[in-house]
Amino acid sequence: DGKITEFGTSGKLYNSNLVMYDRNTGSQWSQALGIAITGEMTGHTLKRIPFDVARWSDWKSLYPDTLVLSTDTGFFRAYGVDPYGDYYIDSRIIFPVENNDDRLFLKEKILGFENGIYKAYKLSDIEEKKVINDNIGDKKIVLVSLYPEMARAFNRVIDDKVFDFEYSDGKIMDVQTKSIWNFEGESVEGQLKGEKLQREVYDPGFWCEWVAFHPDTLLYLEKN
(Lines give C-alpha, C1' and ligand atoms only; values in the text may rest on other atoms or scores of the structure.)
Protein backbone atom coordinates (compact mmCIF):
# COMPACT_ATOMS: atom_id res chain seq x y z
CA ASP A 1 0.00 0.00 0.00
CA GLY A 2 2.87 2.38 -0.79
CA LYS A 3 4.57 1.85 2.58
CA ILE A 4 8.07 0.40 2.83
CA THR A 5 8.55 -2.24 5.51
CA GLU A 6 11.17 -4.69 6.69
CA PHE A 7 10.70 -8.34 7.51
CA GLY A 8 12.10 -10.48 10.28
CA THR A 9 12.06 -14.15 11.21
CA SER A 10 9.28 -15.04 13.62
CA GLY A 11 10.84 -18.34 14.72
CA LYS A 12 7.64 -20.11 13.72
CA LEU A 13 6.99 -22.58 10.93
CA TYR A 14 3.94 -23.34 8.82
CA ASN A 15 4.10 -26.63 6.92
CA SER A 16 7.77 -26.84 7.87
CA ASN A 17 8.35 -23.51 6.11
CA LEU A 18 9.50 -20.13 7.39
CA VAL A 19 7.02 -17.64 8.84
CA MET A 20 8.11 -14.01 8.65
CA TYR A 21 6.71 -10.90 10.31
CA ASP A 22 6.64 -7.34 9.04
CA ARG A 23 8.01 -4.67 11.36
CA ASN A 24 5.32 -2.12 10.50
CA THR A 25 2.36 -4.10 11.82
CA GLY A 26 3.74 -7.31 13.33
CA SER A 27 1.61 -9.33 10.94
CA GLN A 28 2.94 -12.79 10.16
CA TRP A 29 3.57 -13.98 6.60
CA SER A 30 4.01 -17.41 5.05
CA GLN A 31 7.22 -17.49 3.03
CA ALA A 32 5.92 -20.24 0.75
CA LEU A 33 2.66 -18.43 -0.03
CA GLY A 34 3.85 -14.83 0.13
CA ILE A 35 0.64 -14.06 2.02
CA ALA A 36 0.00 -12.53 5.44
CA ILE A 37 -1.66 -15.20 7.59
CA THR A 38 -2.16 -13.35 10.90
CA GLY A 39 -2.50 -9.73 11.96
CA GLU A 40 -3.95 -6.65 10.30
CA MET A 41 -2.30 -7.45 6.97
CA THR A 42 -3.97 -10.87 6.76
CA GLY A 43 -4.78 -11.69 3.12
CA HIS A 44 -2.33 -9.19 1.64
CA THR A 45 0.03 -10.70 -0.93
CA LEU A 46 3.64 -9.85 -1.69
CA LYS A 47 4.77 -9.37 -5.28
CA ARG A 48 7.07 -12.27 -6.12
CA ILE A 49 10.24 -11.79 -8.15
CA PRO A 50 12.75 -14.16 -9.80
CA PHE A 51 15.90 -14.92 -7.84
CA ASP A 52 18.77 -17.39 -7.92
CA VAL A 53 20.01 -20.09 -5.58
CA ALA A 54 23.64 -20.57 -6.58
CA ARG A 55 27.04 -21.70 -5.46
CA TRP A 56 29.26 -18.72 -4.72
CA SER A 57 31.95 -19.87 -7.16
CA ASP A 58 29.46 -20.08 -10.04
CA TRP A 59 27.83 -16.76 -9.18
CA LYS A 60 31.22 -15.04 -8.99
CA SER A 61 32.19 -16.44 -12.41
CA LEU A 62 28.99 -14.99 -13.87
CA TYR A 63 29.12 -11.67 -12.04
CA PRO A 64 32.71 -10.96 -10.95
CA ASP A 65 31.89 -7.44 -9.73
CA THR A 66 29.25 -8.66 -7.27
CA LEU A 67 29.07 -6.95 -3.89
CA VAL A 68 28.84 -9.30 -0.91
CA LEU A 69 26.83 -8.75 2.27
CA SER A 70 29.26 -8.23 5.13
CA THR A 71 29.20 -10.48 8.19
CA ASP A 72 30.31 -7.45 10.22
CA THR A 73 26.77 -6.75 11.41
CA GLY A 74 27.37 -5.74 14.99
CA PHE A 75 25.90 -9.02 16.18
CA PHE A 76 27.76 -12.16 17.16
CA ARG A 77 26.57 -14.97 14.89
CA ALA A 78 28.26 -18.08 13.54
CA TYR A 79 27.45 -17.07 9.96
CA GLY A 80 29.71 -19.73 8.47
CA VAL A 81 28.07 -22.64 10.30
CA ASP A 82 24.95 -24.37 9.06
CA PRO A 83 22.85 -25.38 12.09
CA TYR A 84 20.80 -27.94 10.15
CA GLY A 85 23.59 -30.45 9.54
CA ASP A 86 22.44 -33.40 7.42
CA TYR A 87 18.75 -32.43 7.63
CA TYR A 88 18.81 -31.58 3.91
CA ILE A 89 19.47 -35.16 2.86
CA ASP A 90 17.97 -37.42 5.52
CA SER A 91 14.36 -38.58 5.62
CA ARG A 92 13.33 -36.75 8.80
CA ILE A 93 10.69 -34.04 8.88
CA ILE A 94 11.06 -32.56 12.35
CA PHE A 95 8.01 -30.33 12.15
CA PRO A 96 4.56 -31.41 10.93
CA VAL A 97 3.14 -30.87 7.45
CA GLU A 98 -0.50 -31.05 6.39
CA ASN A 99 -0.05 -33.44 3.49
CA ASN A 100 2.40 -36.21 2.65
CA ASP A 101 3.09 -37.51 -0.85
CA ASP A 102 5.50 -40.33 -1.69
CA ARG A 103 5.84 -39.61 -5.40
CA LEU A 104 9.27 -38.19 -4.58
CA PHE A 105 11.77 -38.43 -1.75
CA LEU A 106 10.61 -35.96 0.91
CA LYS A 107 13.78 -33.85 0.67
CA GLU A 108 13.94 -33.89 -3.14
CA LYS A 109 14.82 -30.41 -4.34
CA ILE A 110 12.14 -29.10 -6.65
CA LEU A 111 11.08 -26.01 -8.56
CA GLY A 112 7.41 -25.23 -8.01
CA PHE A 113 5.26 -23.19 -10.41
CA GLU A 114 1.77 -21.74 -10.32
CA ASN A 115 -0.35 -20.67 -13.27
CA GLY A 116 -3.92 -21.72 -12.58
CA ILE A 117 -2.41 -25.10 -11.69
CA TYR A 118 0.56 -26.14 -9.58
CA LYS A 119 3.44 -28.08 -11.08
CA ALA A 120 6.79 -29.24 -9.72
CA TYR A 121 10.06 -30.18 -11.42
CA LYS A 122 12.97 -32.06 -9.91
CA LEU A 123 16.05 -29.85 -9.89
CA SER A 124 18.12 -32.91 -10.78
CA ASP A 125 16.07 -33.43 -13.98
CA ILE A 126 16.81 -29.89 -15.12
CA GLU A 127 20.50 -30.21 -14.22
CA GLU A 128 20.72 -33.45 -16.22
CA LYS A 129 18.83 -32.26 -19.31
CA LYS A 130 20.19 -28.67 -19.21
CA VAL A 131 17.09 -27.48 -21.08
CA ILE A 132 13.44 -28.55 -20.66
CA ASN A 133 10.57 -27.16 -22.72
CA ASP A 134 7.16 -27.51 -21.09
CA ASN A 135 3.82 -25.89 -20.27
CA ILE A 136 2.36 -24.68 -16.97
CA GLY A 137 -1.31 -24.56 -17.83
CA ASP A 138 -1.43 -22.26 -20.85
CA LYS A 139 2.01 -20.75 -20.19
CA LYS A 140 4.91 -21.95 -22.34
CA ILE A 141 8.15 -22.11 -20.39
CA VAL A 142 11.72 -23.26 -20.78
CA LEU A 143 13.83 -24.37 -17.81
CA VAL A 144 17.61 -24.00 -18.01
CA SER A 145 20.42 -25.19 -15.75
CA LEU A 146 24.05 -24.63 -16.67
CA TYR A 147 25.44 -24.72 -13.12
CA PRO A 148 24.91 -27.17 -10.23
CA GLU A 149 22.04 -26.21 -7.90
CA MET A 150 21.13 -23.26 -10.15
CA ALA A 151 18.19 -23.14 -12.55
CA ARG A 152 16.24 -20.42 -14.32
CA ALA A 153 12.86 -20.36 -16.02
CA PHE A 154 11.76 -18.23 -18.96
CA ASN A 155 8.62 -17.63 -20.97
CA ARG A 156 9.43 -19.04 -24.42
CA VAL A 157 6.96 -16.90 -26.37
CA ILE A 158 8.30 -14.01 -28.47
CA ASP A 159 5.87 -11.84 -30.46
CA ASP A 160 3.12 -14.46 -30.01
CA LYS A 161 5.35 -17.20 -31.43
CA VAL A 162 6.31 -20.21 -29.30
CA PHE A 163 9.95 -21.26 -29.48
CA ASP A 164 11.53 -24.58 -28.54
CA PHE A 165 15.02 -24.73 -27.07
CA GLU A 166 17.76 -27.33 -26.92
CA TYR A 167 21.25 -27.71 -25.48
CA SER A 168 23.86 -28.69 -28.03
CA ASP A 169 27.66 -28.42 -28.13
CA GLY A 170 27.66 -26.48 -24.89
CA LYS A 171 25.20 -23.88 -26.16
CA ILE A 172 21.51 -23.06 -25.73
CA MET A 173 19.81 -22.82 -29.13
CA ASP A 174 16.26 -22.33 -30.32
CA VAL A 175 15.09 -24.96 -32.78
CA GLN A 176 13.21 -22.58 -35.05
CA THR A 177 16.00 -20.12 -35.99
CA LYS A 178 19.15 -21.75 -34.54
CA SER A 179 19.91 -18.53 -32.68
CA ILE A 180 22.21 -18.85 -29.64
CA TRP A 181 21.00 -17.81 -26.19
CA ASN A 182 22.82 -17.16 -22.91
CA PHE A 183 21.89 -17.94 -19.31
CA GLU A 184 20.30 -14.49 -19.00
CA GLY A 185 17.68 -15.51 -21.55
CA GLU A 186 19.13 -13.18 -24.20
CA SER A 187 19.93 -14.14 -27.76
CA VAL A 188 23.58 -13.33 -28.43
CA GLU A 189 23.97 -14.74 -31.93
CA GLY A 190 21.77 -15.42 -34.95
CA GLN A 191 18.49 -14.18 -36.37
CA LEU A 192 17.04 -13.31 -32.97
CA LYS A 193 20.13 -11.53 -31.60
CA GLY A 194 19.09 -8.92 -29.06
CA GLU A 195 15.79 -10.57 -28.19
CA LYS A 196 15.31 -11.35 -24.49
CA LEU A 197 13.02 -13.88 -22.86
CA GLN A 198 10.96 -12.91 -19.82
CA ARG A 199 12.09 -14.61 -16.62
CA GLU A 200 9.46 -16.56 -14.73
CA VAL A 201 9.00 -16.85 -10.97
CA TYR A 202 9.21 -20.22 -9.25
CA ASP A 203 9.52 -21.55 -5.71
CA PRO A 204 12.64 -23.61 -4.97
CA GLY A 205 12.42 -25.95 -2.02
CA PHE A 206 11.86 -29.45 -0.71
CA TRP A 207 9.14 -31.67 -2.14
CA CYS A 208 7.65 -32.21 1.33
CA GLU A 209 7.10 -28.48 1.78
CA TRP A 210 5.75 -27.81 -1.73
CA VAL A 211 3.27 -30.68 -1.72
CA ALA A 212 2.15 -29.79 1.82
CA PHE A 213 0.93 -26.42 0.55
CA HIS A 214 -0.17 -27.72 -2.86
CA PRO A 215 -1.44 -31.32 -2.50
CA ASP A 216 -2.98 -31.27 -5.99
CA THR A 217 0.32 -30.37 -7.67
CA LEU A 218 1.28 -31.98 -10.94
CA LEU A 219 4.75 -33.48 -11.22
CA TYR A 220 6.91 -33.29 -14.32
CA LEU A 221 8.20 -36.72 -15.25
CA GLU A 222 10.73 -36.95 -18.04
CA LYS A 223 9.68 -39.45 -20.69
CA ASN A 224 12.66 -41.52 -21.82
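The exercises below, each with a worked solution, deal with the overall build, a surface patch and the salt bridges of a predicted model.

Residues are numbered from 1 along each chain as its sequence is written, and side-chain values use heavy atoms, with hydrogens and water left out. Because the model is predicted, local features need pLDDT of at least 70 and side-chain atom pairs count only at pLDDT 80 or more, whereas totals for chains, interfaces and linings use all residues.

**Exercise 1.** Describe the protein by its secondary structure, its span and its buried share.

Step 1. The secondary structure comes to three helices and 18 strands, where helices (H or I, at least four residues) and strands (E, at least two) are DSSP runs numbered from the N terminus.
Step 2. The C-alpha trace spans about 50 × 40 × 40 Å along its principal axes.
Step 3. Of the 224 residues, 35% count as buried; buried means under 20% relative accessible area, exposed over 50%, and partly exposed in between, with a 1.4 Å probe and protein chains only.

**Exercise 2.** Identify the residues that form a nonpolar patch on the surface, and place Phe95 in the chain.

Step 1. The patch consists of Leu13, Ile94 and Phe95, which together have about 290 Å² of accessible area, by the Shrake-Rupley method with a 1.4 Å probe, for which only the protein chains shown count as cover for residues.
Step 2. Patches take residues with over 30% relative accessible area and no salt bridge, joining nonpolar side chains (Val, Leu, Ile, Met, Phe, Trp, Tyr) within 5 Å and like charges within 9 Å.
Step 3. Phe95 is found in the loop between helix H1 (56–62) and strand E5 (109–114), and its relative accessibility of 43% makes Phe95 partly exposed.

**Exercise 3.** Work out which parts of the chain are linked by the salt bridges of Glu6 with Arg23 and of Arg48 with Asp203.

Step 1. The structure holds 13 salt bridges, each being a side-chain nitrogen of Lys or Arg within 4 Å of a carboxyl oxygen of Asp or Glu.
Step 2. Glu6 and Arg23 meet at 3.6 Å, N to O. Glu6 lies in the segment before strand E1 (7–13) and Arg23 in the loop between strand E2 (18–22) and strand E3 (28–30), 17 residues apart.
Step 3. Glu6 is exposed at 52% relative accessible area, while Arg23, at 48%, is partly exposed.
Step 4. Between Arg48 and Asp203 the closest N and O atoms are 2.6 Å apart. Because Arg48 lies in the loop between strand E4 (35–38) and H1, and Asp203 in strand E17 (residues 203–206), this pair ties together parts 155 residues apart in sequence.
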